[in-house]
Amino acid sequence: MVKGGSVSGSSAEVTLVNSSGGRIIISDVSFFGDFVFSQNFKLNGSSSFPVTVSAGSELYFSGIVSENGCANGGSIGISYTDVFGIARSFKVNCNSGSSVVYGAIAHYMLDEGTGETTKDSRGSHDGTLLPSGSGPVWQSACPSEKCLQFDGLEDYVSSSGFSSLGTSNKPYSFSGWFKAPAGETNGNIIHMSSLSSGLGWCLPPIALYNGKIRGMSWPTTYVYSQNAISPETWYHFVNAWDSKNGLRLFVNGKLEGTAPQPAYTASGYSNYIWLAFTPSGCAGNTAWFLGQIDEIKIFDRSLSSFEACSLCKEHA
């Protein structure tokens, strides 16, 4: 049993894992601007841990917060000193439930159950269900509370404002769940573009292709699931890219496809994100997606194997 929590305080992006009866680990804590560390982390009064600052004044940290875990409803404080010598801190709140991976720039729970808007619970990238009046249909019995059914003909969700995805060599990850009926072998699950038409710089980072789950990046790089999907079965996916690990595809928490890709050549614009959408004339284009989609998350960093596994277990 893995337990997760939430973070309050200094706008930290945190991955919190609290294994039952064991230690809490925080990894990939990111601070921006004046939240650049000049000293090591002090973890709950314990010894210091090293800190690495990368380009763009962005910091990533990994270390053990507590060897004894954290009781549900409790919290653990973390303190540090910024570059101006000012003492700062933030708090980790420990809640029951499955593991939680933090740092998403967008999270579409798809739990509204009604209406033509799906909220981005992490930011301001709310999605619109289209065509208006005849778009995707809300469903129950999903990995999360609700999800969306797409008809494979014209249903889709559109959202915008993803500047990090339009930035070359900026790491990213897409994660989510989908289910397809018998006979559905090709379809864009997630589509990405520089233009509001879905064209311009455009590709589907996650799609079904000849029955397999396919991850894609640019310059043209593909990774595939090891096996074709089974009909009417929910699958969890993660498409993650960074310059060190290249392009990786995780299916149900397992790494199934890798490809070297030292650079990501992005659009140079703030990108649009689409669910189940397919325009003509885009690299790697497959078809309109027929099936159900749930719990879409987008990150501006590359998720680790452990995080991909944790996300899969959230709604398994």
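Colleague: Why is cysteine 142 called buried?

Modeller: Cysteine 142 has a relative accessible area of 13%, and buried means under 20%, with exposed over 50% and partly exposed in between (1.4 Å probe, protein chains only). The value of 13% therefore places cysteine 142 in the buried class. The model is predicted, so local features need pLDDT of at least 70 and side-chain atom pairs count only at pLDDT 80 or more, while totals for chains, interfaces and linings use all residues. Residues are numbered from 1 along each chain as its sequence is written, and side-chain values use heavy atoms, with hydrogens and water left out.

Colleague: How do you know that cysteine 142 and cysteine 147 form a disulfide?

Modeller: Their sulfur atoms are 2.1 Å apart, and a disulfide is a pair of cysteine sulfur atoms within 2.5 Å. The pair therefore meets the criterion. The angle about the S-S bond is -55 degrees, and the link of cysteine 142 and cysteine 147 is left-handed. Cysteine 147 has 0% relative accessibility and counts as buried.

Colleague: How many disulfides does this rule give?

Modeller: The count is 2 disulfides. One of them joins cysteine 202 to cysteine 282, with an S to S distance of 2.1 Å. The link of cysteine 202 and cysteine 282 is left-handed, at -100 degrees about the S-S bond. Cysteine 202 belongs to strand S21 (residues 202-209), whereas cysteine 282 sits in the loop between strand S27 (271-275) and strand S28 (290-299), so the pair ties together parts that are 80 residues apart in sequence. Strands here are DSSP runs (E, at least two residues), numbered from the N terminus.

Colleague: What makes cysteine 202 count as buried?

Modeller: Cysteine 202 has a relative accessibility of 8%, hence its buried label. Cysteine 282 is likewise buried, at 9%. Cysteine 312 is buried too, with a relative accessible area of 10%.

Colleague: What is the strand order of the open sheet of 8 strands?

Modeller: The order is S14-S15-S18-S27-S20-S21-S22-S23, with antiparallel pairing. Strand S14 (117-118) and strand S23 (221-224) are the edge strands, each pairing on one side only.

Colleague: How do you know that S14 and S15 pair?

Modeller: They are joined by 2 bridges and run antiparallel, and two strands pair if DSSP finds at least two bridges between them. The count of 2 therefore satisfies the rule. Threonine 117 stands opposite threonine 128 in S15. S15 is in turn joined by 3 bridges to strand S18 (residues 156-162), again antiparallel, and there leucine 130 has tyrosine 156 as its bridge partner.

Colleague: Which side chains of strand S15 point to one face and are buried?

Modeller: In strand S15 (residues 127-130), these are Gly127 and Leu129, whereas Thr128 and Leu130 point to the other face and are not buried.

Colleague: Why is S27 described as largely enclosed by the rest of the structure?

Modeller: S27 has 4 of its 5 residues buried, so the description follows. S18 and S27 are joined by 4 antiparallel bridges, with serine 158 facing tryptophan 274 as its bridge partner in S27. S20 also pairs with S27 in the antiparallel sense, over 4 bridges. Serine 193 has tyrosine 272 as its bridge partner in S27 and stands opposite cysteine 202 in S21.

Colleague: What makes the aromatic pair of tyrosine 172 and phenylalanine 174 edge-to-face?

Modeller: The ring centres are 5.6 Å apart and the planes make 65 degrees. Rings of Phe, Tyr and Trp (its six-membered ring) pair if their centres lie within 6.5 Å; planes under 30 degrees apart count as stacked, over 60 as edge-to-face and the rest as tilted. Both values therefore fit the edge-to-face class. Tyrosine 172 is buried at 2%, and phenylalanine 174 is buried at 0%. Phenylalanine 277 and tryptophan 288 are also edge-to-face, at 5.2 Å centre to centre and 85 degrees between the planes.

Colleague: Is tryptophan 288 buried or partly exposed?

Modeller: Tryptophan 288 is partly exposed, with a relative accessible area of 24%, whereas phenylalanine 277 is buried, at 8%. Tyr156, Tyr272, Trp274, Phe277 and Trp288 form one aromatic cluster.

Colleague: Why does lysine 244 count as exposed?

Modeller: Lysine 244 has 77% relative accessibility and therefore counts as exposed. Lysine 244 lies in the loop between strand S24 (235-242) and strand S25 (246-251).
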